[in-house]
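Visitor: I should like to understand how a structure of this kind is described. May we look at one together?

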Amino acid sequence: MKFKIALAQVLASERKRDNLKRGVELIRTAFERGAELIVLPEQFMAYVPIDAPAARYVGLAEEVAGEFVSGLAAEARKRRVHVVAGILEKSGRKDKVYNTVVMIGPDGRVISTHRKLQLFDSFGFKESSRFEPASELEGAFKTGLGRMGMMTCYELRFPEMARILALQGAKVIIVPTAWLAGRMKEEHLHVLAKARALENTVFLAVASQTGRIFTGRSLVVDPFGVSICDAGEEEGLAVTEIDTDRVARVRKILPSLRHTRWDIY
């Protein structure tokens with residue numbers, strides 16, 4: 001199956017209303033460019049400064065069925081496209097929220113909800129001071145474009161997650177990020193994305209925030225580890241085509257998943 005995917009490489013505003021308006025515009029533009037799947041980055045709902053108190057996150061957070069996702073869902077339904085977006089979700093705690101990614105189907109319904117499991121307590125940052133980690137992996141799921149899975153940002157550094165999704169049948173793994181800039185960070189993003197795609201022989205698509213403290217460099221990697229899209233560092237909408245039949249062709253010549261020694265590890 002062939003379809004076009006659009007990576008929205010943008011910088012979220014601190015105002016939810018502005019981000020919702022822009023999200024609707026991005027969905028519309030991506031649709032006009034032929035995309036059937038639009039990926040908005042991690043925490044697209046609202047940018048919150050790293051040093052902001054946890055109460056700021058709690059005050060912005062919504063339920064998955066809240067106004068923000070509902071607004072994106074209405075546009076997804078209108079355009080008959082799939083949409084992925086990063087939100088701040090209420091966790092039931094007064095001091096922490098979930099860092100959540102949702103997949104909305106072309107009927108406007110939420111197909112899958114992935115709450116971030118691996119929190120970014122690295123490079124001097126402590127995401128766990130304001131986010132509640134999920135207790136289980138959502139897993140791969142069916143879409144009109146084939147079976148997919150989702151991960152979030154820092155989770156690229158944990159190969160087990162992508163492997164589980166691939167073993168569950170995902171041919172495409174979507175990774176919204178707000179990848180922080182820093183020494184070697186762009187290199188890390190691309191090396192990790194290529195590794196996760198190649199070792200699991202799947203497509204892997206990263207849509208990152210850019211500007212302020214973020215790297216940009218959104219990309220799509222094919223099952224053979226080939227980067228077929230690199231959005232650079234500026235804001236924009238990068239559109240490329242995915243052919244999920246390539247997964248089978250690559251696995252025919254590179255059957256590494258079938259060669260896994262389950263009797264040993």
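Visitor: How many helices and strands does the chain have?
Guide: This is a predicted model. Its secondary structure combines helices with strands. The totals for the chain are six helices and 14 strands.

Visitor: Which radius of gyration does the chain have, and why does that value agree with a compact globule?
Guide: For 265 residues, a compact globule would have a radius of gyration near 18 Å. The value for the chain agrees with this, because it is 17 Å.

Visitor: What share of the residues is buried?
Guide: A residue counts as buried when its relative accessible area is under 20%. Among the 265 residues of the chain, the buried share is 55%.

Visitor: Is the pair of F120 and F125 stacked or edge-to-face?
Guide: The ring centres of F120 and F125 lie 5.8 Å apart, with 25° between the planes. Planes under 30 degrees apart count as stacked. The pair of F120 and F125 is therefore stacked.

Visitor: What kind of pair do Y154 and F158 form?
Guide: The ring centres of Y154 and F158 are 5.2 Å apart, and their planes meet at 80°. An angle over 60 degrees counts as edge-to-face. The pair is therefore edge-to-face.

Visitor: Is F158 buried or partly exposed?
Guide: Buried residues have under 20% relative accessible area, and exposed residues have over 50%. F158 has 21% relative accessibility, so F158 is partly exposed.

Visitor: Which residues form the aromatic cluster?
Guide: The structure holds seven aromatic pairs. One aromatic cluster is formed by F120, F123, F125, Y154 and F158.

How values were computed: Residues numbered from 1 in each chain as written. Predicted model: local features only at pLDDT ≥ 70, side-chain atom pairs only at ≥ 80, totals over all residues. Heavy atoms only, no water. Helix = DSSP H or I, 4+ residues; strand = E, 2+ residues; numbered from the N terminus. Rg over C-alpha atoms; globule rule 2.2 N^0.38 Å. Buried < 20%, exposed > 50% of the residue type's maximum accessible area, 1.4 Å probe, protein only. Phe/Tyr/Trp six-rings, centres within 6.5 Å; stacked < 30°, edge-to-face > 60°.
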